[in-house]
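I sat down with this one to look up a few charged side chains, one helix and a bit of surface. Here is my notebook, kept short for a fellow modeller.

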Amino acid sequence: MQDMAAHSACDFGGGKAEKLALAKYRQRIWGGRVLNSQFTDEELRSQGRCPLTPEEIGLLLAALGFDNSTRLYLASHKVYGGEARISTLRDLFPKMESKKSLASSEERVLIKGKASLLAAVDYYVGMHSDIFVSASPGNMHNALVGHRTFENLKTIRPNMPLLGQLFLNKNITWLEFRQAVVEGHQNRQGQLRLRKPKQSIYTYPAPDCMCQA
């Protein structure tokens with residue numbers, strides 16, 4: 001979504017027009033005061049501060065072994081960049097679904113323009129999916145990760161700093177990329193993580209919310 005893209009202060013490849021539009025949005029919403037603005041795009045990506053684009057999510061999933069027979073649900077009200085961004089992901093995963101493809105026209109009328117209901121649909125599908133992966137940490141991500149952890153459901157946590165560095169490397173081969181992704185996500189595919197001090201209990205419910213045998 002535009003607010004996430006603007007707040008990240010990252011470059012999404014849209015050229016000067018995109019940079020100007022996002023800068024104006026930051027000025028209008030936050031008065032231009034965005035912490036990430038002090039860093040270059042390369043620094044932000046290397047630190048894992050940039051949301052993954054649909055194309056990048058597609059490459060991540062492909063590197064982890066998901067093929068074009070995988071049924072994907074796109075949980076988002078509005079993807080930044082629109083269909084131009086989504087088309088590449090759909091090329092990799094033609095069985096991609098969304099609220100528009102799953103719900104009838106009558107059902108869509110009932111939830112149109114109602115942000116909380118749209119989010120509830122995404123949450124419901126996210127909780128009933130075999131695997132969940134998020135493009136960027138946020139409230140929905142945190143809630144789903146915590147809930148799925150409590151239910152012992154597989155959740156892939158993208159290694160954002162690693163992926164940022166890999167996508168910056170224009171000379172990397174597909175085999176090198178795939179090997180790095182697989183190695184960098186061996187411990188990020190649903191393994192239980194205990195909550196550290198000051199971390200949210202909603203995102204990391206263990207051990208506080210787990211039964212003591």
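My entries follow, in the order I looked things up.

**Entry 1: salt bridges.** I reminded myself that this is a predicted model. How many salt bridges does a search of the whole structure find? I got three.

I took Arg45 and Glu56 to begin with; their closest N and O atoms are 3.9 Å apart. That pair links distant parts of the chain, with Arg45 in helix 3 and Glu56 in helix 4, 11 residues apart. I noted Arg45 as buried at 11% relative accessible area, and Glu56 as buried at 13%.

Next I looked at Glu97 and Arg71, whose closest N and O atoms are 3.3 Å apart. Glu97 sits in strand 2 and Arg71 in the loop between helix 4 and strand 1, so this salt bridge ties together parts 26 residues apart in sequence. Buried or exposed? I checked each partner: Glu97 counts as buried at 19% relative accessibility, while Arg71 is exposed at 60%.

Then I turned to Lys99 and Asp122, which meet at 2.9 Å, N to O. Lys99 belongs to helix 6 and Asp122 to helix 8, 23 residues apart. I have Lys99 as buried at 12% and Asp122 as buried at 7%.

**Entry 2: a buried arginine.** I went to Arg148, in helix 9 (residues 139-150). Arg148 is buried yet has no salt bridge. Which side chain of opposite charge is nearest to Arg148? I found Asp130, 7.2 Å away; a salt bridge needs a nitrogen and a carboxyl oxygen within 4 Å, so I could not count this pair. What the Arg148 side chain does reach is the backbone oxygen of Gly126, at 2.7 Å. Beyond its neighbours within four places in sequence, I listed contacts of Arg148 including Met127, Ser129, Phe132, Leu153 and Thr155.

**Entry 3: helix 4.** I came back to the helix that holds Glu56. Helix 4 (residues 54-63) is mostly covered, with eight of its 10 residues buried. Among them I wrote down Pro54, Ile57, Gly58, Leu60 and Leu61. What do the buried residues of helix 4 pack against? My list has helix 3, strand 1, helix 5, strand 3, helix 10 and helix 11. Just after helix 4, I saw Gly65 with a positive phi of about 105°.

**Entry 4: the surface.** I finished on a nonpolar patch of about 350 Å², made by Leu59, Leu92, Trp174 and Leu175. Leu175 lies in helix 11 (residues 174-184), and I have it as exposed, with a relative accessible area of 56%.

Methods
Residues are numbered from 1 along each chain as its sequence is written. This is a predicted model: local features need pLDDT of at least 70, side-chain atom pairs count only at pLDDT 80 or more; totals for chains, interfaces and linings use all residues. Side-chain values use heavy atoms; hydrogens and water are left out. Patches are made of residues with over 30% relative accessible area and no salt bridge: like charges are joined within 9 Å, nonpolar side chains (Val, Leu, Ile, Met, Phe, Trp, Tyr) within 5 Å. Accessible areas come from the Shrake-Rupley method with a 1.4 Å probe; for residues, only the protein chains shown count as cover. Helices (H or I, at least four residues) and strands (E, at least two) are DSSP runs, numbered from the N terminus. Buried means under 20% relative accessible area, exposed over 50%, partly exposed in between (1.4 Å probe, protein chains only). Contact means heavy atoms within 4.5 Å. Lys and Arg count as positive and Asp and Glu as negative; His and the chain ends are not counted. A polar contact is a pair of N or O atoms within 3.5 Å; within protein, one must be able to donate a hydrogen and the other to accept it, and residues adjacent in sequence count only if both atoms are side-chain atoms.
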